[in-house]
Amino acid sequence: MGGNDPAIILDDADLGASTMKTMLAAAFQMTGQVCMAIKRIYVPTSRRDEFLNSFCSAADAILVGDGLEPAVTMGPLHTRRAQLRAAGLLDDAARRGANIRNARQGRQRGDLLGGYFVRPTVVTDIPDDAPLKTEEQFCPAVPVATYDEVDDAVARANQSVYGLSGSIWSRDTNRALEVARKIEAGQVWINSHGPQAINHLAPYGGVKQSGIGRKSGIDGILEYVQSQTITTHER
């Protein structure tokens, strides 16, 4: 059930500390190794700088290091292969002219050379066809793109082989619902995203190449049901 979850921020969204905390957790929880993590962010051009300042400032507070230490809030990736893949995606983005932010900044605990560490990274000015935006990166590197029209953001968000999850961020719930209905994903959250947003009474699953079927809710129960059809023709 892979995913390449988009998060679309509308121009009226709250970009305060609480929102940044929620988005940060959705993007970087478990070092970004979550199928339903935020993996692409779309921000109105008019609020780009405001968002980046808030999000990058929050990301800088993450303490990278040995996950067994109580103060550490981000550990390593699970394998050397995953670390090399993350580095390759970031190198490719840089070659395409992207701006890599926070990759060599942020806090750390101890020597990071001995583990599969990747710092929380925000990537801007990256083209839509870059692998970091089209693939499931499964690491703490999040591309941030800008848009001028909401329909353009929706079209770009849907331009993916994946359709697991997505989120819309707005102060206006009705407006957010209107946009959410256009997202090609198994579930779309409003003002939240990821594991902390899941309602286990609701069906969960994806579309496109993000899995088959559903779990949880009545849809999940029906996955285990074998139906039988008996038809009679009166004579």
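This text goes through the aromatic ring pairs in a predicted model.

A pair of aromatic rings is described by the distance of the centres and the angle of the planes. Two aromatic pairs are counted here.

One pair consists of phenylalanine 28 and phenylalanine 55. Their ring centres are 6.1 Å apart and their planes stand at 40 degrees, so this pair is tilted. The label follows because stacked pairs need planes under 30 degrees apart and edge-to-face pairs need over 60. The two residues come from distant parts of the chain: phenylalanine 28 belongs to helix 1 (residues 17–28) and phenylalanine 55 to helix 2 (residues 48–60), with their positions 27 residues apart in the numbering.

Buried means a relative accessible area under 20%. Phenylalanine 28 has 4% and is therefore buried. Phenylalanine 55 is buried as well, because its relative accessibility is 0%.

The other pair is made by phenylalanine 51 and phenylalanine 55. Here the ring centres lie 5.3 Å apart and the planes are at 15 degrees, so the pair is stacked. Both residues sit in helix 2, and because they are four residues apart, about one helical turn separates them. Phenylalanine 51 has a relative accessible area of 0%, so this residue is buried.

Phenylalanine 55 takes part in the tilted pair with phenylalanine 28 and in the stacked pair with phenylalanine 51. Phe28, Phe51 and Phe55 form one aromatic cluster.

Terms used:
Residues numbered from 1 in each chain as written. Predicted model: local features only at pLDDT ≥ 70, side-chain atom pairs only at ≥ 80, totals over all residues. Heavy atoms only, no water. Phe/Tyr/Trp six-rings, centres within 6.5 Å; stacked < 30°, edge-to-face > 60°. Buried < 20%, exposed > 50% of the residue type's maximum accessible area, 1.4 Å probe, protein only.
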